[in-house]
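Okay, thanks for coming, everyone. I'll put the structure up and then talk you through it.

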Amino acid sequence: MNKTSLKTKISKRQNGKCALTDEQLPKHLSLMDTDRKNPKANGGTYTDENTRIVDPIAHMIRHGILKSREKE
């Protein structure tokens, strides 16, 4: 299953909401992130059961990689 199909299927399962923030996901999921519940380092893969759709900022916060940027 390709990522577009996976995102669509999982979004429906999540009732169109981000798994981390519970906020509404946009209609077009191309900019949303897929997040593995069981990380790759522990053998996790992108499967139906192990994947959730999340907002990119919430995803970066989850992994501790969000960088704050100054406004111009």
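I'll start with the overall layout, then go through the helices, the strands, the core and a few single residues.

So, what you're looking at is a predicted model. The chain averages a pLDDT of 93, and 100% of the residues score at least 70. Broken down by element, β2 has the highest mean, at 96, and α1 the lowest, at 92.

Now the layout. There are two helices and two strands, and from the N terminus they come in the order α-β-β-α. The C-alpha trace spans about 40 × 30 × 20 Å along its principal axes. Of the 72 residues, 31% are buried. And if you take the contacts with a separation of 6 or more, 47% of them are between residues 24 or more positions apart.

Let's go to α1, which covers residues 3–13. At its N-terminal end, Asn 2 acts as the cap, with a side-chain oxygen 3.2 Å from the backbone nitrogen of Thr 4. Which residues of α1 are buried? Those are Leu 6, Lys 7, Ile 10 and Ser 11. They sit on the same side of α1, because they cover an arc of only 130° around the axis. As a reminder, residues three or four places apart in an α-helix point the same way, because there are 3.6 residues a turn. On the other side of α1, Thr 4 and Lys 12 are exposed. As for what covers the buried residues, that includes β1 and β2.

Just after α1 you come to Asn 15, and here phi is positive, near 60°. Most residues other than glycine have a negative phi, so have a look at that spot on the screen. Asn 15 is in the loop between α1 and β1, and it's exposed, with a relative accessible area of 61%. That loop also holds Asp 22. Its phi is positive too, near 65°, and at 53% relative accessibility Asp 22 is exposed.

On to the strands. β1 is residues 33–36, and it pairs with β2 in the antiparallel sense over four bridges. To get your bearings, find Asp 33, which stands opposite Val 54 in β2. In β2, Thr 51 and Ile 53 point one way, Arg 52 and Val 54 point the other way, and all are buried.

Arg 52 is worth a stop. Is it buried or exposed? Arg 52 is buried, because its relative accessibility is 18% and the cut-off for buried is under 20%. Leaving out residues up to four places away in sequence, Arg 52 touches a list of residues that includes Ile 10, Gln 14, Asp 33, Asp 35 and Arg 62. Thr 4 is 48 residues from Arg 52 in sequence, and C-alpha to C-alpha the two are 13 Å apart.

Just ahead of that strand, in the loop between β1 and β2, there's Asn 50. Asn 50 is buried as well, at 11% relative accessibility. Apart from neighbours within four places in sequence, Asn 50 is in contact with Asp 35, Arg 36, Lys 37, Asn 38, Gly 44 and Thr 45.

Next, the core. Nonpolar side chains tend to be buried together in soluble globular proteins. Here the largest nonpolar core has eight residues: Leu 6, Ile 10, Cys 18, Leu 25, Leu 29, Met 32, Ile 53 and Val 54. α1 and β2 each supply at least two of them. Take Leu 25 as an example: beyond residues up to four places away, it touches Ser 11, Gln 14, Gly 16, Lys 17, Cys 18, Met 32 and Ile 53.

Last stop is α2. Its N-terminal cap is Asp 55, which has a side-chain oxygen 3.0 Å from the backbone nitrogen of Ile 57. Inside α2, residues 56–63, you'll find His 59. His 59 is buried, at 13% relative accessibility. Away from its neighbours within four places in sequence, His 59 is in contact with Leu 20, Asp 33, Thr 34, Asp 35 and Val 54. After α2 comes Gly 64, with a positive phi near 70°.

That's the tour, so over to you for questions.

Terms used
Residues are numbered from 1 along each chain as its sequence is written. This is a predicted model: local features need pLDDT of at least 70, side-chain atom pairs count only at pLDDT 80 or more; totals for chains, interfaces and linings use all residues. Side-chain values use heavy atoms; hydrogens and water are left out. Buried means under 20% relative accessible area, exposed over 50%, partly exposed in between (1.4 Å probe, protein chains only). Contact means heavy atoms within 4.5 Å. A nonpolar core is a set of buried Ala, Val, Leu, Ile, Met, Phe, Trp, Tyr and Cys residues joined through side-chain atoms within 4.5 Å. pLDDT is the predictor's confidence in each residue, from 0 to 100. Two strands pair if DSSP finds at least two bridges between them. The arc is that of the directions from the helix axis to the C-beta atoms. A polar contact is a pair of N or O atoms within 3.5 Å; within protein, one must be able to donate a hydrogen and the other to accept it, and residues adjacent in sequence count only if both atoms are side-chain atoms.
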